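Colleague: Could you take a close look at one part of this model for me, the nonpolar patch on the surface and what surrounds it in the chain? I would enjoy a full walk-through.

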Amino acid sequence: MLDWTPFLLSFKLALISTGILFCICLPLSYAIARTSFKLKPVVEAIISLPLVLPPSVLGFYMLIMLSPYSFLGAFVEEYFGIRLVFNFTGLVIASCIYSLPFMFQPLLAGFKTMPSSLVEASYSLGKSRFKTMLFVALPNIKPSLLTASIVSFAHTLGEFGVVLMIGGSVGKETKVASIAIYDAVELLDYHLAHIYSAIMLAISFTVLFLVYFINHKISKNIV
């Protein structure tokens, strides 16, 4: 019988990571889009590093950073009783770091293309930066907002390299869909690997179709 646990675990990981990234990247991208400072290219380059770094490189450094032998890993394990490697908590942290630019870049592009007059008008009416971002900026970047959320979700859903290095393949704790496919291939169970891969292919296509379909609808309504 087909085990749906890896897919449920993948969806759980993707939902939590996307929610955290949205809360982080929304004010961050808005602040960077609306301000100018000398180190701005450096900040954008650091945030975008996961786009070009091989997953093995990023996974290795995150494994070092989160291991119980590092300051961060030892601190969290000692004071909170949580080991950040080979468990779900570590997967969430790793996924947030690896998928960060997939949430950040579309939001940044949306805020940059938004007319400055809208923001200035909001400020002139006495609205705070937070209220301006929430009630003025967000409604005007709906396509970017949708793209950022869905692509971040899909990217986290299908990630393999970083997830393997940080979480391994621990039963119902870290064995997400991509790891389940890898394990099936390792066991030469190509029939199961085909089924898991076909399900992931269908999910990925559906996600991308929704992005393009909804963005097309929004664009037509704006025009």
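Modeller: Happy to; here is the patch, followed by a few other local features.

This is a predicted model, in which local features need pLDDT of at least 70 and side-chain atom pairs count only at pLDDT 80 or more, while totals for chains, interfaces and linings use all residues. Residues are numbered from 1 along each chain as its sequence is written, and side-chain values use heavy atoms, with hydrogens and water left out.

The patch on the surface is formed by Met65, Phe71, Leu72, Phe75, Tyr79, Phe80 and Ile82, which together have about 750 Å² of accessible area. Such areas come from the Shrake-Rupley method with a 1.4 Å probe, and for residues only the protein chains shown count as cover. Patch members have over 30% relative accessible area and no salt bridge; nonpolar side chains (Val, Leu, Ile, Met, Phe, Trp, Tyr) are joined within 5 Å, like charges within 9 Å. A salt bridge here is a side-chain nitrogen of Lys or Arg within 4 Å of a carboxyl oxygen of Asp or Glu.

Helix H4 (residues 71-80) supplies the largest share of the patch, five residues. Helices are DSSP runs of H or I with at least four residues, and strands are runs of E with at least two, numbered from the N terminus. Tyr79 belongs to H4, and it counts as exposed because its relative accessibility is 56%. On this scale, buried is under 20% relative accessible area, exposed is over 50%, and partly exposed is in between (1.4 Å probe, protein chains only).

Following the chain onward, Phe86 sits in the loop between H4 and helix H5 (88-113). Phe86 has a positive phi of about 60 degrees, although it is not a glycine. Most residues other than glycine have a negative phi. With 45% relative accessibility, Phe86 is partly exposed. Leu188 also has a positive phi of about 60 degrees without being a glycine; its place is the loop between helix H11 (177-186) and helix H12 (190-222). Leu188 is exposed, at 58%.

Finally, the cysteines: the whole structure has zero disulfides, a disulfide being a pair of cysteine sulfur atoms within 2.5 Å. For Cys23, the closest cysteine sulfur is that of Cys25, 9.8 Å away, so the two are too far apart for a bond. Cys96 is in no disulfide either, with the sulfur of Cys25 the nearest at 9.0 Å. Cys23 is exposed at 57% relative accessible area, whereas Cys96 is buried at 11%.
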